[in-house]
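I opened a new model today and kept notes as I went. Here is what I looked up.

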Amino acid sequence: MLDRWHKKEKPVFTGYWFGFGAGSSDPGLPAISSGGTKYDYNGKTIHVFTSGAEPFICPKNITAEVFVVGGGGGGATDMAGGGGAGGVRNLSSVSITEGIHVVTVGAGGDGSGQNSATNTGTGPRQGNDSSIGSIVVASGGGYGGWESGDSGDGGSGGGAHGRSPNTASSVASPDGISPTTQGNDGGAISGVFAGGAGGGGWGDAGSSDRGGNGNRAPATFRDPSNPFGTPGPDGTFYFAGGGGAGKYQANGVPGGYGGGGDGGDANSGGADTAGDGATNTGGGGGGGGSHNPGPAGNGGPGIVFIAYPDSTFP
């Protein structure tokens, strides 16, 4: 099925002057829309953006359905918290004005190389925002907690670290659109040396047992040839799962459905490398296990979908 997807043409942006376009009030715009990978499914024209920043060319004012996921937060190392999932803006009716709108896909946050034995390395990193201009903004996920720092806020919060009990909350929406939150809290830890907690997901909060689960994308975007998202309990197309956590001399805990990276194992006193958030899901990176850790998991990049009826443009 993926062959059909990969054969879809992606337009190349070569400049802002296109000549006169029928149906547009701006003579500098084309007659039809462009941007990202463009395809049709169930009577809708859909644009999907998977990396970087790219223009969405909109020849007239439209009402669109959008699904925007921020980049997942990075996990941390040594009994550490998992990264929070990228925030999700799942909106059935958004006004997009005629013109050129830069669509940005947030990169995932880096996993940490922090080592508690030497207290060296850097802290994990926040995921980056995904956006459609300033119209819709999905926040990057919060980073996991590590020995030298509490976990971070984000679209979903990062999980707590096993040596410094704390929790993290998801943040208010930066685009001012209701609902004001875009995810769930990272998990808390009630005692030290217990290991970390999972990052929050779009569907629910993280816990000491797993990363928070994500949810399925709306039916509009579940084209069977669409390769994005991950499997979950109700099928495929799950996004924005929280990263799992590393534990103290025990197996790490899994990431949530929707691309959350698994926590690193440490049942032999060492630590296997934690899992990364899945590509283009906004999944949080997994936290590392105890002592002598390798890198924690990186957050997964986000994704942006824009859909409108096929009849919108000629």
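How many aromatic pairs are there by the ring-centre rule? I counted eight aromatic pairs. I keep in mind that this is a predicted model.

**Entry: F221 and F305.** I looked up this pair next. The ring centres of F221 and F305 lie 5.0 Å apart. Their planes meet at 35°, so I logged the pair as tilted. I then checked where the two residues sit. F221 is in the loop between β9 (215–216) and β10 (230–232). F305 is in strand β12 (residues 303–309). The two are 84 residues apart, and the pair links distant parts of the chain. Both F221 and F305 are buried.

**Entry: Y238 and Y257.** I turned to another aromatic pair. Y238 and Y257 are tilted too, with 6.3 Å from centre to centre and 55° between the planes. Y238 belongs to strand β11 (residues 235–239), while Y257 is in the loop between β11 and β12, so the pair ties together parts 19 residues apart in sequence. Are these two buried or partly exposed? Y238 has a relative accessible area of 5%, so I noted it as buried. Y257 has 41%, so I noted Y257 as partly exposed.

**Entry: the cluster.** I also found one aromatic cluster formed by F67, W202, F221, F228, F239 and F305. The F221 and F305 of my earlier entry are members.

**Entry: strand β3.** Last, I looked at β3 (residues 53–58). Five of its six residues are buried, so to speak a mostly covered strand. β3 pairs with strand β6 (residues 99–104) in the antiparallel sense, over six bridges. I looked up one bridge partner: P55 is matched with V102 in β6.

Methods. Residues numbered from 1 in each chain as written. Predicted model: local features only at pLDDT ≥ 70, side-chain atom pairs only at ≥ 80, totals over all residues. Heavy atoms only, no water. Buried < 20%, exposed > 50% of the residue type's maximum accessible area, 1.4 Å probe, protein only. Helix = DSSP H or I, 4+ residues; strand = E, 2+ residues; numbered from the N terminus. Pairing = 2+ DSSP bridges. Phe/Tyr/Trp six-rings, centres within 6.5 Å; stacked < 30°, edge-to-face > 60°.
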